[in-house]
Structure formats: C-alpha cells, structure tokens
Amino acid sequence: MDEVTRDIQGDIPWCMLFADDVVLVDENRAGVSRKLELWRQTLESKGFRLSRTKAEYMKCDFGATHEEGDVSLEGQVVPKRDTFGYLGSMLQRDGDIDEDVSHRIRAGWMKWRQASGVLCDKKVPQKLKVKFYRTAIRLAILYGAEYWPTKRQHFGHVQQRPPEAPVHSDILKHDGNMRRGRGRPKLTCEETIRRDLKYWSIPRDLSLDRSAWKSAILVPEP
C-alpha cells in the first residue's frame, strides 16, 4: 500500500497510513473531497478499491468558523461522525477524551472477562495473576492514555475518589500549605530521564535519535 500510494501521500498529520487504513486531513471539506477522489482514482488504477461503506469523516470543532456542506466520494455523500476510531483510539470532534476513556474501560473489562478463568483460579499463584494483569489487562486500559489532554473536570473525578484509593498515590497535588513527608521526594519523569542520561554519559540530544540512542545504550563500555 505504501509503494502504490507513494506519489500521492502527504506529510503527517495531513496524511496518515497504517496498513490498509488511511486518514486524510484538510482545512475544509472541499479539500478532503479532492484528496479522497485522488486516492480513489490512484487505488482503482492499481487494482484496489476504496471502501464506500467504511469511509467516514469528522469535522473538528476547534476553530470559530463553521463551514456548510458534505464530503463526497464519486458523487456519494460520506457519512459524518462525531467520533472517529483510529488505531484503537477514539477521537472526538471537540478534542475531548470522554469517548476514548469509556472505550478503554470497555476494553479493560473485555480483557478481564476473557482472562477470568486465570485470574479467578485459586490454583494459579498470586504473583502470576499480578503479572498477567499488568501485561494483558492494564495495558489495554492505558493504551494511548499518555496522549490524553486531561482537563480540570477529569482531575475532579480523581479528587472525588476516597483518600485510600490507589489513584491518589500518583497525583501531584499543587498545595503550597501541604507538608512534605520525610525522606527524599520521588523523581519526576523528566528528572529520571536526566539521571539516566547522566549515568550513561549520553548527551540529551542523542536521545532524540532513536537509532543512535539504541546503539549507545546497547554497546557495552570497555
């Protein structure tokens, strides 16, 4: 697919291709329709077919302008959606994360039900259950969570949880009157990265190059 469409692919994020899933982005509906028609012609000239039943579009409400009209493919109106699923994540037209959070919760419960035979088996060691949960279930729940643009309302849900809830152990509370406990405070993510870079004697700029980074950390020191 990458080779067939190489000449019509745009830069990310205006064109994103994964296997046979394609995302086309433009500033207006007319631009999306033109791109869609170009992809249809290119694919069909190579013996492929652009699915009419799976194609859909979403208008992002990030700006103040409101454009009327539809996105069409060969004269057929493409269905409009308020949410857009891509690579396991749910995108909303208003940029919120509620749909994706709900989707992740459902995915976690589905994985739990599939693994209930193992997790509820008294013969399975507790240590193995914990490892299985962290590998199969928790990853399904947290998939893509590092990119969630959380808002005040989402932290409000967390604050409403009881003080003994595990979620409170990882929250940074910005309270100037709050007394710090004894001992050295836990390192933040950025502080941990700086510490590791200093330990390995690797410049920070080098870590931005994935290939060079792997080579630096995998080659043993003499």
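**View 1. L87 sits in the loop between β5 and β6.** In this predicted model, L87 lies in the loop that links strands β5 and β6. L87 is not a glycine, yet its phi is positive, at about 55°. The residue counts as partly exposed because its relative accessibility is 35%, between the limits of 20% for buried and 50% for exposed. The two strands form a hairpin, with two residues between them, and L87 is in the turn.

**View 2. Strands β5 and β6 pair side by side.** Four bridges hold β5 and β6 together in the antiparallel sense. β5 covers residues 83–86, and β6 covers residues 89–92. At one pairing position, T83 stands opposite Q92 in β6. The faces of β5 are unlike in cover: F84 and Y86 are on the covered face, T83 and G85 on the uncovered one. In a regular strand, side chains alternate between the two faces of the sheet.

**View 3. S89 belongs to strand β6.** S89 has its place in β6. Is S89 buried or exposed? S89 counts as buried because its relative accessibility is 16%, under the 20% limit. Leaving out residues up to four places away in sequence, S89 touches F84, D100 and Y143. Of these contacts, F84 lies on the covered face of β5. D100 falls within helix α2, which spans residues 98–114.

**View 4. Strands β1 and β2 make a hairpin.** β1 (residues 15–18) and β2 (residues 21–24) run antiparallel, joined by four bridges. Which residue of β2 is the bridge partner of F18? The partner is D21. Two residues lie between the strands of this hairpin. A19, in the turn, has a positive phi of about 55°.

**View 5. A cis peptide bond joins I12 and P13.** Omega for this bond is about 10°. P13 is found in the segment before β1. Strand β1 itself takes in residues 15–18.

**View 6. E74 occupies the loop between β3 and β4.** Strand β3 spans 72–73 and β4 spans 76–77, with E74 in the loop between them. E74 is not a glycine, but its phi is positive, at about 55°.

**View 7. The largest nonpolar core has 13 residues.** Which members touch the most other members? They are L24, L36, W39, L50, V71, L73 and V78. Helix α1 (residues 29–45) gives the most to this core, with four residues. L24 falls in strand β2, which covers residues 21–24.

**View 8. V78 and its contacts are shown close up.** V78 is among the core residues that touch the most other members. Setting aside residues up to four places away in sequence, which residues does V78 touch? The contacts are L36, A55, E56, Y57, V71, S72 and L73. L36, V71 and L73 are also named among the core members with the most contacts to other members. S72 and L73 belong to β3.

**View 9. A nonpolar patch lies on the surface.** I105, W109, W112 and Y133 form the patch. Together they have about 410 Å² of accessible area. Helix α2 (residues 98–114) supplies the largest share, three residues. I105 has its place in that helix. I105 counts as partly exposed because its relative accessible area is 44%, between the limits of 20% and 50%. Y133 falls within helix α4, which spans residues 126–142.

**View 10. L128 is part of helix α4.** The helix runs over residues 126–142. Is L128 buried or partly exposed? L128 counts as partly exposed because its relative accessibility is 45%. L128 and V118 are ten residues apart in sequence. Their C-alpha atoms are 9.3 Å apart in space.

**View 11. The whole protein sets the close-ups in context.** The protein has seven helices and six strands. Along the sequence they follow the pattern β-β-α-β-β-β-β-α-α-α-α-α-α. Of its 222 residues, 20% count as buried. The accessible surface comes to about 17800 Å², with 54% of it belonging to carbon and sulfur atoms. Among contacts with a separation of 6 or more, 44% are between residues 24 or more positions apart.

How values were computed: Residues numbered from 1 in each chain as written. Predicted model: local features only at pLDDT ≥ 70, side-chain atom pairs only at ≥ 80, totals over all residues. Heavy atoms only, no water. Core = buried A, V, L, I, M, F, W, Y, C linked by side-chain atoms within 4.5 Å. Buried < 20%, exposed > 50% of the residue type's maximum accessible area, 1.4 Å probe, protein only. Contact = heavy atoms within 4.5 Å. Pairing = 2+ DSSP bridges. Patch = residues over 30% accessible without salt bridge, like charges linked within 9 Å, V, L, I, M, F, W, Y side chains within 5 Å. Areas by Shrake-Rupley, 256 points an atom, 1.4 Å probe, with all protein chains shown as cover. Salt bridge = Lys/Arg side-chain N within 4 Å of Asp/Glu carboxyl O.
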